[in-house]
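Colleague: Could you take a close look at one part of this model for me, the hydrophobic interior, and then walk me outwards from there? Plain talk is fine.

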Amino acid sequence: MTSSELWTRASADRYDAEEAEMSSAAVLGPTLAFLAELAGDGRALEFAIGTGRVGLPLRERGVPVVGIELSEHMAAVLRRKIDEDTLPVTIGDMATTVVGSGGFTVVYLVYNTITNLLTQDEQVECFRNAARHLEPGGRFVIELGVPPLRFLPPGQVAVPFDVSEQHLGFDTFDLVAQILVSHHFTRDGDDGRYRRGSSRHRYAWPAELDLMARIAGLEQERRVADWDGAPFTQDSAKHISVWRKPT
């Protein structure tokens, strides 16, 4: 077991509704096109598949998808949508769980999920696990935000990322341990009450991920700012990075 925090039944049941925007065609269209192109005629493995936000529509595009998911509650939500034979999911962590004998053309990890692994060693093992599952020439894809430390003036440890009528979100940072805690205050109903939640993450820089990939025997192939392929610059808020397993 890795140090990832587990999704509860209540948070898993709320997930699809709270992330409806991330499931929109505008967001998913470029994501699915990017991953389907890399998968080609092969199979895809999604680390931390969750409720199937990406894996399910990718499967509907004709790409055979297999998933690994740590939270049984998240996997149960996915299972309400599609049967095990059509989209198999193994319960386990993405750093050590092995599915079959490999042979995937693409392994992917989206929406900042590698930060759920709270130590550098575990994140390295995630890269090694991806390499273990890839066939020669296959790709490992990660979608990850760039740590917003440029917004921190001296002495400040918090950065807001969402301020709206229904939600207030901000991150606090431990700069030594590279740990951020995401804090959420979400409006429940119309009576003015807010539900509070938080989660811990280990942030990592793009260059650090490249070194993890080298340790795992993977070669950097591409880095862009979004799924549409915009150039990655010093002002980019996130990146889509692709590493290739040598043939």
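Modeller: Sure. One cut-off to start with: buried means under 20% relative accessible area, exposed means over 50%, and partly exposed is anything in between. Keep in mind, too, that this is a predicted model.

Let's go straight to the largest nonpolar core, which has 28 residues. The members that touch the most other members are Phe47, Phe127, Phe140 and Leu218. At least two residues of this core come from each of these elements: strand E1 (44-47), strand E2 (65-69), strand E4 (104-109), helix H5 (120-133), strand E5 (134-145) and helix H6 (206-215). H5 gives the largest share, five residues.

If you want one residue to click on, take Phe127. Setting aside its neighbours within four places in sequence, Phe127 is in contact with Ile114, Phe140, Ile142, Leu209, Met212, Ala213, Ala216, Leu218 and Trp243. There's also a second, separate core, this one of 26 residues, and Leu38, Val54, Val65 and Ile240 are among them.

Now for the loop between E4 and H5, which is where you'll find Tyr111. Its relative accessibility is 28%, so Tyr111 counts as partly exposed. The backbone is worth a glance here: phi of Tyr111 is near 55 degrees, a positive value in a residue other than glycine. Most residues other than glycine have a negative phi. Gln178 is another case, with a positive phi of about 60 degrees although it is not a glycine. Gln178 sits in the loop between strand E7 (167-174) and E8. Unlike Tyr111, which is partly exposed, Gln178 is buried because its relative accessible area is 19%, and the cut-off for buried is under 20%.

That loop takes us to the strands on either side of it. E7 pairs with E6 in the antiparallel sense, over five bridges, and a hairpin of three residues joins E6 to E7. For a landmark in that pairing, look at Asp162, whose bridge partner in E7 is Gly169. On the other side of the loop, strand E8 covers residues 179-188 and holds Thr186. Thr186 has 16% relative accessibility, so this threonine counts as buried. Leaving out neighbours within four places in sequence, the contacts of Thr186 are Glu18, Gln166, His167, Arg193, Tyr194 and Arg195.

One of those contacts, Glu18, brings us to helix H1, which spans residues 9-18. The buried residues of H1 are Ser11, Ala12 and Tyr15. Looking down the axis of H1, these buried residues fall within an arc of 100 degrees, so they line one face of the helix. Arg9 and Ala17 are exposed residues on the face of H1 turned away from that buried side. As for what covers the buried residues of H1, helix H4 (72-79) is included.

Last stop, the outside. Gly155 is in the loop between E5 and strand E6 (158-163). With 81% relative accessibility, Gly155 counts as exposed, because the cut-off for exposed is over 50%. To get your bearings, pick out Gln220 as well: Gly155 and Gln220 are 65 residues apart along the chain, and their C-alpha atoms are separated by 36 Å.

Definitions and conventions:
Residues numbered from 1 in each chain as written. Predicted model: local features only at pLDDT ≥ 70, side-chain atom pairs only at ≥ 80, totals over all residues. Heavy atoms only, no water. Core = buried A, V, L, I, M, F, W, Y, C linked by side-chain atoms within 4.5 Å. Buried < 20%, exposed > 50% of the residue type's maximum accessible area, 1.4 Å probe, protein only. Helix = DSSP H or I, 4+ residues; strand = E, 2+ residues; numbered from the N terminus. Contact = heavy atoms within 4.5 Å. Arc of directions from axis to C-beta. Pairing = 2+ DSSP bridges.
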